[in-house]
Amino acid sequence: TKLVLDPWLKGPAYYKQWFLWPLPACQPEEIDADAILISHGHEDHLHSESLRSINKKAEVIFPYQWRAGIKPFLNQMGFAKVTEAISFNSYFVNDVKVTYIGFSLESVVVVEYKNEVVVNINDALNSNHENAVDFILKEIQKRWPKIDYLLSGWSGASYFPNQIRYRDKNDNEIGKLREQYFANNFCRFTNILKPKTAVPFASGFVLLAKENQWINHIKFPRSKVDEYYKLNFNKESPVNFLVAYPGDEIKDHSLDKISGLHKIEEKDQYEIAYKHYQKDILEANSISFVKDEDVTKLIDQLKYWVNFNKRLYHSKVIEDICFSIKLNDSSSESYINIGYNNKQLEVTLASEPLAERRLMITTSAAKLLFGFKKIWGGDVLTIGYGLIIDVYDQLTLEKNLDIVCVRLITRYPIARQDL
């Protein structure tokens, strides 16, 4: 029985902002799977271009969630058998047992075959509140006290805090601390679940825009996970840590190091990535100016969405809104100013930003317009690192107004409307 988990095997993601790295060892057309297990709907896990290229005989299993539409979406791609897995129910793919544990929009996937148990926590435990994480960990411990392999995502994927600029903030050091936080979480989960073997995923992507390339180089090296775990959690631990790359094979808790990347330091691998993606780097760092009518359309879209999204917050929060958007793909110096007036959020185009602004968001009109077309379009700006936020005072940070302003200008479904 052949299973594929969260296949992203070709093409970029998040509006050509994430590119595959390390490169996959095979193309989706080569995959002949019995089932495709999708953990959640983020584009680097539910990747349309990759799925469209995979053999459609495979069953697709996706976690049952509050948002409808996944079955017809996958059916339209050509997958005839789509199962929405209810948490803690078990499903069989031939002789393999699959169980999902979902919370919000993330899920843990547990695979059992004969006497072996594989627990894939992917992004689920890094993306939820501590109460939810504790609940999920306790459920895993209770139901699967003996775990053979623990798989987990490694590294973060969100604009916060890397895309926040503030006086005296050391972006590089804060970024490294964030990466260490995720590494520490992986070790903490490992210490609680006590698998025989733990496998941290490769980061899976490289950023090509010049202003974001520094983020590639602050990753916590996976090669240090064993040392970090023993130093900070359990120096006598019998856990076997395997650092795998595409093309490697794991069998009987041993790693067959097939990939040539094992011979190259992780920090040096991105130079190879940049050479591979030379043409894409040129495209990522060139500016394609939008037309004036596109900016006019954007103003109309923003007027709708900021006033639609303001329902998510208390009126006292909205009364504090005062920020500007700098468009980096307008042929003239253009700012979109957004502020509260007469119980509404006003949106105006100007040649200068608001003097009293609390923060400035720099992004492109093209990204904003693209994001408004998609139900989950906000991911282009947030997960895709598609913006930079300059914050001017501490009170704005304390009130989380940077988060509020980003949410106002992004499109996402609202759970209470969809349930």
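Across which strands does helix α3 lie? In this predicted model, where residues are numbered from 1 along each chain as its sequence is written, local features need pLDDT of at least 70 and side-chain atom pairs count only at pLDDT 80 or more, while totals for chains, interfaces and linings use all residues. Side-chain values use heavy atoms, with hydrogens and water left out. Helix α3 (residues 130–143) lies across β7 (96–103), β8 (106–113) and β9 (116–122), and runs at about 160° to β7; helices (H or I, at least four residues) and strands (E, at least two) are DSSP runs numbered from the N terminus, and axes are lines fitted to C-alpha atoms, for helices over the stretch in contact, with angles running from 0 to 180 degrees between N-to-C directions.

These three strands belong to an open sheet of seven, ordered β6-β7-β8-β9-β10-β12-β14, in which the pairing is mixed; two strands are taken to pair if DSSP finds at least two bridges between them. At the edges stand β6 (90–93) and β14 (240–241), each of which pairs on one side only. Within the sheet, β10 (residues 149–152) and β12 (residues 197–200) pair in the parallel sense over four bridges, and L151 has V199 as its bridge partner in β12. Strand β9 also contains N122, whose phi is near 30°, a positive value in a residue other than glycine. N122 counts as buried because its relative accessibility is 1%, where buried means under 20% relative accessible area, exposed over 50% and partly exposed in between (1.4 Å probe, protein chains only).

Helix α3 also packs against helix α4 (residues 171–193), at an angle of about 35° and with the axes 10 Å apart. The contact (heavy atoms within 4.5 Å) is made by E130, V133, L137, I140 and Q141 of α3 together with R188, F189, I192 and L193 of α4.

Elsewhere, the largest nonpolar core has 37 residues, and those with the most contacts inside it are I321, I325, I338, I361 and I409; such a core is a set of buried Ala, Val, Leu, Ile, Met, Phe, Trp, Tyr and Cys residues joined through side-chain atoms within 4.5 Å. The elements that each supply at least two residues of this core include β17 (322–327), β18 (335–341), β20 (359–363) and α12 (401–408), whereas the largest share, seven residues, comes from α8. Leaving aside neighbours within four places in sequence, I361 is in contact with residues including F323, I325, I389, C405 and I409. Helix α12 is largely enclosed by the rest of the structure, because seven of its eight residues are buried; these are L401, D402, V404, C405, V406, R407 and L408. A second, separate core of 21 residues includes W8, L20, V206 and Y274.

Several local features fall in the loop between β10 and β11 (164–165), where Q163 lies. Q163 counts as buried, at 0% relative accessibility, and is 223 residues from G386 in sequence but 8.8 Å from it in space, C-alpha to C-alpha. Beyond its neighbours within four places in sequence, Q163 is in contact with N212, I215, Y385, L387, I388 and I389. The loop between β10 and β11 also holds P161, which a cis peptide bond with omega of about 0° joins to F160. S155, in the loop between β10 and β11, has a phi near 95°, a positive value in a residue other than glycine, and is buried with a relative accessible area of 15%. The peptide bond from W21 to P22 is cis, with omega near -5°, and P22 is placed in the loop between β2 (18–20) and β3 (35–37).
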